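These are my notebook entries on a structure that I had not examined before. I record in turn what I looked up.

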Amino acid sequence: MGSPPQVSFDNTAIAFATKSDAQMRKAHLLFSSLEQPLLVRAGIPLSAWLLRIGFPGVRLVVKHTVFEHFCGGESIQECDAAIEMLGRFGVQSILDYSVEGEKSEAGFDATTRETLATIEWAATHPHIPFSVFKVTGLARFGLLEKLGARESLSADEQAEWERVRERVLRICQRAHELGVRIFIDGEETWIQDVIDGLGEEMMARFNRERPLVYNTYQMYRTASLGNLRAALERARSKGYFLGAKLVRGAYMEKERQRAKERGYADPIQPDKAATDADYDRAVLFCLEHLDRMALCAGTHNEASCQLLMQELGRRGIAANDPRVFFSQLYGMSDNISFNLAKAGYNVAKYLPYGPVRAVLPYLIRRAQENSAIAGQGGREARLIRGELRRRKQARALLGPGQQAQ
């Protein structure tokens, strides 16, 4: 047993050490705007439409506001400045090619090549411990739906599915060759079983020596905790390590609406408290079985982070044990990421990138998440205001010509 390093998520001096006053004020304006539900409901779709039709000036406005805040750049190379900045403060990066909605074989192949490029980049960069991909970036959604519904495939569809499996295999094979850990992101419940199957197939092949391929468990699903437990049993019985990334989830409204329209049981937890409870149970489950698995806790929830820190200390597990990572999204929860990193924990930011127009679906989700009732945006704005006040008071104490830290 041991005492975990002391961490205060209220320490805004550490949280915003990388940002100037001007950057802070710009971020505050963004988050304050996202607190306005009408602006998000009307303004975001309007901006998306104007961007799609190529309306003059809209791309630049989007790039220098919401894109600049939540994304690292339009290419891997453009992300390098953010990667280096985060790395100086002990925060690592996960390059996330956030282009969604591809529908052609050429598009799927292009996404595969870009994902392979992130693995190559990670292999030579000390601040990039993981790569990541979405199966829907490599496969037609309708094909995954058909597989998820256990419908028979035509000969052409079967050949299409084999191409999907070959893309996933190429990515995981290259990650294995270069020793780069790789996340398979979670998606909608009605295609998730297909994704889980692919993930476990890759783990059985490449996780023989250590956890390298990680599957994602969205704990706002009522089935996820049971699925996690069953996945570990299969890993043990077949002799491979399980990689588990835990998140709360990102498709709640869509899931509830589809269940209602199609008349099946809602797969989502009844309320946030139930999601939080299962998330924390999953964290404890993973810690109990670190002999056979690795954990990445993807969360912006301070209580879940505190629980994980306390349990690491209680169980005598080092803060920087390579089997345990914390993760947050770039542009959000810097109070968690930077304070954890300062205390010596493993922390990695998801760093989305891609052409502005192509990452629009991702940006829309971030805007909606930050505008939710009791959501992220209000907390971010309050933290920024607090840090700006602290800096002003510190400068007043130091006197003119001196810089507050």
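Entry 1, a helix and its surroundings. The model is predicted, and I began with the buried residues of helix H6. I found Gly 107, Phe 108, Thr 111, Thr 112, Thr 115, Leu 116, Thr 118, Ile 119 and Ala 122 to be buried there. I then looked up what these buried residues pack against. Their partners include three helices and strands from the earlier part of the list, namely helix H5 (76-88), strand S1 (92-97) and strand S2 (130-133). Helix H8 (155-178), strand S3 (181-184) and strand S8 (347-353) are also packed against by the buried residues of H6. For H6 itself I noted residues 105-123, 19 in number. From its first C-alpha to its last, H6 reaches 27 Å, close to the 27 Å expected at 1.5 Å a residue.

Entry 2, cysteines. How many disulfides does the structure hold? I counted zero. Cys 71 is in no disulfide, and the nearest cysteine sulfur, that of Cys 79, lies 8.3 Å away. A disulfide needs two cysteine sulfur atoms within 2.5 Å, so this pair does not qualify. Cys 71 is buried, with a relative accessible area of 4%. Cys 305 is likewise in no disulfide; the nearest cysteine sulfur belongs to Cys 296, 11 Å away. I recorded Cys 305 as buried, at 0% relative accessibility.

Entry 3, the surface. I looked up a nonpolar surface patch of about 430 Å², made by Leu 46, Trp 49, Ile 53 and Phe 55. I located Ile 53 in the loop between helix H3 (37-52) and helix H4 (58-70). Ile 53 is partly exposed, at 47% relative accessibility.

Note on methods: Residues are numbered from 1 along each chain as its sequence is written. This is a predicted model: local features need pLDDT of at least 70, side-chain atom pairs count only at pLDDT 80 or more; totals for chains, interfaces and linings use all residues. Side-chain values use heavy atoms; hydrogens and water are left out. Helices (H or I, at least four residues) and strands (E, at least two) are DSSP runs, numbered from the N terminus. The expected span of a helix is 1.5 Å times one less than its number of residues. Buried means under 20% relative accessible area, exposed over 50%, partly exposed in between (1.4 Å probe, protein chains only). Contact means heavy atoms within 4.5 Å. Patches are made of residues with over 30% relative accessible area and no salt bridge: like charges are joined within 9 Å, nonpolar side chains (Val, Leu, Ile, Met, Phe, Trp, Tyr) within 5 Å. Accessible areas come from the Shrake-Rupley method with a 1.4 Å probe; for residues, only the protein chains shown count as cover. A salt bridge is a side-chain nitrogen of Lys or Arg within 4 Å of a carboxyl oxygen of Asp or Glu.
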